[in-house]
Amino acid sequence: MRITQSMFLRNTMQRLFNSRKILLDTQDRIATQKKIKQPSDNPVGFSRVQRLHESLRQNEVFLKNIEESEGWLENSSNLLEQVYQTIVDARIEATKGTDAVTTTELRASLAEQLRGIMDEIVATLNSTYLGKNVFGGTITKSATPFELNDLDVTYHGDDQFIKRRISKQVNISINVPGNQIMDTGIFDTLKETITALENDDVDALKAAIENMRQSEKKFLNINTVYGSKIDNLQLIKNRVTRTNENFQKFISQEEDAVLEEEVIKLKSEEIAYQAALQSTSQIMELNLMNYL
Amino acid sequence: MSISSILEIGKRSLLAYQSAVRTTSDNISNANNEYYRRRRVSFDQLNGGYSRLGLSVNDAVRLRQRFAEYQIYSENQFLGKYQNAQRLLSQVEVVFNEGSEAGLSQVISDFFGAWNDLAKDPESDYARNLVLDKAMVLSDTFSRIDGDLQNIKDQIVPETNMAVDDINQKLQLIHKINQQIRKQPNPDLLDQRDRILDELSKQLNIQIKEKDSGEINVYSDGILLVSHDVMNELEAVQVNENGNTKIKIQIKKSGYALNINNGELAALVEFYNESLPEYKEKLDSLARNLAEKVNEIHRQGENLDGSSGFDFFASDITGISDFRVNQVIVENASLIASKPIGGAEGDGSIAQQISDLQFASIFNEGTANEYYQTFLTGLGNRLQETEFLGNSQEMIIQQLKNQRDSVTGVSMDEEMTHMVQYQQAYEAAAKVITTVDEMMATVMQMV
C-alpha cells in the first residue's frame, strides 16, 4: 500500500487527538472528583445515582420528621408520667381519709389538698409544646383542651390524631387525644373522692378510691402504650440513619472518582501520549530528502 | 537521419523532463492539500512518419479512486447527521444540568418537602409561606427550562436558513464548474469540485452521477438539484402543523418538499420537528400532571379561616410554559389549605396527602421524580448513542480516506525519487546535446 503524506498526517492527528481527549477526560474526573456528571456520561449509572439521591433526600425528610416527633413524644410522655405520679399521690393522700382515726377536719383538708392536685393535673394536661396543645387532639390552638369548673372537667379538644410520616409506608400518630384521658375516668373518680371526703362519707370514699385505682391503671396503660412508641421510633430512626449511610456509600461508589485509580490512569495515558508525540516527531523527520 | 534531428530529440527530452519536474513540484507543493489528487506524468513517443522524433509529455493525468470517493460521499451524510445531532443534544443536556443544586428533581423534592413541613405545622403562616416559596421556585425552574428550550429552538431556524444558503452556494459552484468542464477539462477545477462535494455530502443526503465528460449530476431524494443546465435551489420554510411550527426543506422553484433524512441539515430539521417537541411534551406532561394532582387534593382541603375549594396551581396549566401558582394564593398565602373541610387547625392531613404525592405513581413510569429520571436517562442514552455512532462513522470515513489517498495522495518519498530520476534524465539529455554539438564540431573540422 502506498502510504502518503496525507494518510500519515490524518492518522497521526487522529491518534494524538484521541490521546488528548482521554487525558482531558481523566483530568476532568480528577478535578471534579466525579465519574458521572451528566446523563450522557453513563445513562444507567446516572439514573441509579439520581434514584439514590432522591431516596436519600426523602429519607432525610423522614429523619427530620422522626427527630421532631421524638421531641413531641418525649415531652408528652414526661407530662403523662407527671400526671400519673400526681394521681398516685392523690390516691395515697385520699387513702389517709379512710383511716378510722381521721377526723372530719382532716378529711376537709385532704379534700382541699386534692382540689389543688386536680388543678395541677388539669394545668399539666393543658400544657403546650411549641405553642400547641399537647392533649387537644388536632385542636391545637383555638381552645384550651381541659376546662375545670368546680369539680367538673370538660374536654374541648377532639379525638383526632396528629400524624407524622416516618417512612414511605408508615404514618405514626404522635399525640394522645384528650378524650382518651377523659375515658380513663380520672377526673370523675377524683371528683367522687373529693365529694366523699367533703361529705365525710368513709364508705363512699373507699369505693371512690377503688375506682381511682381502676382509672389509674387505665391511665398507666395509655402511658405504656405511648412510651413504647418512643422505643419504636428509636429503632426506626436507627434504621433510617443506617440506610442513609448506605445510600451515601452507594452514591459515592457510583459517582465519585477513585483518585488513586484516576491518577494511575492519568500517568499511563500521559506516557502513551508522550510516546505518541515522540515517535511522531521522529518519524516526521524521516524522509528521502535527508539522504539526497 | 541527420545529426540535427538528434538535437531536436535532445531538445524535446529537455522540455519533457522540465515539464515532469514541474508536475512533481506541483505534487510536492500540494502534499498536504486533502482535496488535491496526485498528477502523474505520462510520457509518450512522438512519431513522425518513419523516424522517431523523441519524447513528448501529455497533460498530467489526474488520478482517481472512484469507489472510495463515492463511499466517502455516502458515509459523510451519516457523519454530518450524527455530529450535528450530538451538538444539538448536548445543548439540551446542559439545560438539565442535574449536578447543580437547582436541578429540577431537587426542586420537586423541596416542593413536596415544604408540604411535609406544613403537615407538621399546619397552624403556622410561616410553613404556608415556605410552601408558596418552594412552589414559586418550582414554577421558576419550569419557566427557566422552557425558556432555555425555546432559545435552542429559536436558534435552529436561522441556523437552518444559513445551512440552506450554504448548500445553495455550493450547488451554484458545482453548476458553474459543470459548465466549464463541458467546454474544457481542467484538473484544478475537478479538485475544487471534489472539495465541494465532500462538504456538501456532509450537509445533505445526495446521490451523484458522473458523466464521461466529468460533469456531475447531484440528486437529493431522487430530485435533480444540479447538472450543467439544471439548477434547483433549496429553501427552508416554516409550516404550521397541528399548532406546532415545523421546518420543511423544499425546492424553491416548485415548492416540492424534499425528504431530507441525512446530513447536518437532517439533524437540524429532525431536532426541530421531532426531538425538541418530544422533550417539551414530556416535560409538559410532568408539569400538567403535577399541577392536576396537587389541585385535586388541595380543592378538598380548607385553610385556617375555613375557605376551601381553591386550586393551588392555576387551573388551566398546559405545560411548563404556563406553569404557575394560582394568583389568589400568590397574593394571599394563608389560602393554602392544610386540613380537610371541617377539620381542626392541628390536622395537617391534606398537606400530608399532597406531600405524599411524591411517593405516588402518578405516571406510567412511576412517581414524578422517577418519570423525570426516566426522561433524563432517555436523553443521556440518546446522546451517548449519537456520540458513539458519530465516532465510529468518523473511523469509517478515515479508513475510506486512507484508501482513497493510497491511490490519489502524494507520497513525498515517491516524488523525491521521481525528481532525482527526472533530474538525471534531464542531465543526460543535456549531455546528448553537448555530445551532438561536439559531433557537429568534429564534422565541421573535417571540412
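## Exercises on chain B of a predicted model

α2(B) passes α5(B) in a right-handed crossing. The exercises below concern a predicted model, and each is followed by a worked solution.

### Exercise 1. Two helices that cross

Determine how α2(B) and α5(B) are oriented to each other, and which residues make their contact.

Solution. Begin with the geometry: helix α2 (residues 66-95) and helix α5 (residues 187-203) of chain B have axes that come within 6 Å and cross at roughly 40 degrees. Angles under 35 degrees count as roughly parallel, and those from 65 to 115 as roughly perpendicular. The two helices α2(B) and α5(B) are therefore oblique to each other.

Next, identify the residues. From α2(B) come B:Ile72, B:Tyr73, B:Asn76, B:Gln77, B:Leu79 and B:Gly80. They meet B:Leu197, B:Asp198, B:Ser201, B:Lys202 and B:Gln203 of α5(B). Sorted by class, this contact has 4 nonpolar, 5 polar and 2 charged residues.

### Exercise 2. A second partner of α2(B)

Determine the orientation of α2(B) and α4(B), and describe the classes of the residues in their contact.

Solution. The axes of α2(B) and helix α4 (residues 125-183) of chain B come within 10 Å, crossing at roughly 165 degrees. Angles over 145 degrees count as roughly antiparallel. The helices α2(B) and α4(B) are therefore roughly antiparallel to each other, and their crossing is right-handed.

On the side of α2(B), the residues are B:Gln91, B:Val92 and B:Val95. On the side of α4(B), they are B:Ile145, B:Asp148, B:Leu149 and B:Ile152. The contact of α2(B) with α4(B) divides into 5 nonpolar, 1 polar and 1 charged residues.

### Exercise 3. The sheet

Establish the strand order of the open sheet of 3 strands in chain B, and state which strands stand at the edges.

Solution. First, consider the pairings. β5(B) and β6(B) pair in the antiparallel sense over 4 bridges, and B:Lys209 has B:Asn217 in β6(B) as its bridge partner. Strand β6 (residues 216-220) of chain B is also joined to β7(B), again antiparallel, by 3 bridges. B:Val218 stands opposite B:Val226 in β7(B).

The order is thus read as β5-β6-β7. β5 (207-210) and β7 (223-226) of chain B stand at the edges with a single partner strand each, so one side of each has no neighbour in the sheet. On average, neighbouring strands are turned by 35 degrees against each other, direction ignored.

Finally, examine the hairpin of β5(B) and β6(B), with 5 residues between the strands. In this hairpin B:Gly214 takes a positive phi near 100 degrees.

### Exercise 4. Domains and the partner chain

Describe the domains of chain B and the contact of chain B with chain A.

Solution. Start with the domains: the assignment for chain B gives domain 1 (3-63 + 409-446) and domain 2 (69-396). Their centres, taken over C-alpha atoms, are separated by 64 Å. In the contact between them, 5 residues of domain 1 meet 6 residues of domain 2. The side belonging to domain 1 divides into 2 nonpolar, no polar and 3 charged residues.

Then turn to the contact between the chains, which takes 45 residues from chain B and 42 residues from chain A. On the side of chain B, α3 (104-120), α8 (349-356), α9 (368-408) and α10 (412-446) each supply at least two residues. The largest share, 15 residues, comes from α9(B). By class, the side of chain B that touches chain A has 10 nonpolar, 23 polar and 12 charged residues.

Notes
Residues are numbered from 1 along each chain as its sequence is written. Chains are lettered from A and ligands numbered from 1 in the order in which they are written. This is a predicted model: local features need pLDDT of at least 70, side-chain atom pairs count only at pLDDT 80 or more; totals for chains, interfaces and linings use all residues. Two residues are in contact if their C-beta atoms, placed from the backbone, lie within 7 Å. Ala, Val, Leu, Ile, Met, Phe, Trp, Tyr, Cys and Pro count as nonpolar, Asp, Glu, Lys and Arg as charged, and the others, Gly among them, as polar. Domain bounds come from an automatic or database domain assignment. Axes are lines fitted to C-alpha atoms, for helices over the stretch in contact, and angles run from 0 to 180 degrees between N-to-C directions. A crossing is left-handed if the near helix is turned anticlockwise from the far one by less than a right angle, and right-handed if clockwise. Two strands pair if DSSP finds at least two bridges between them.
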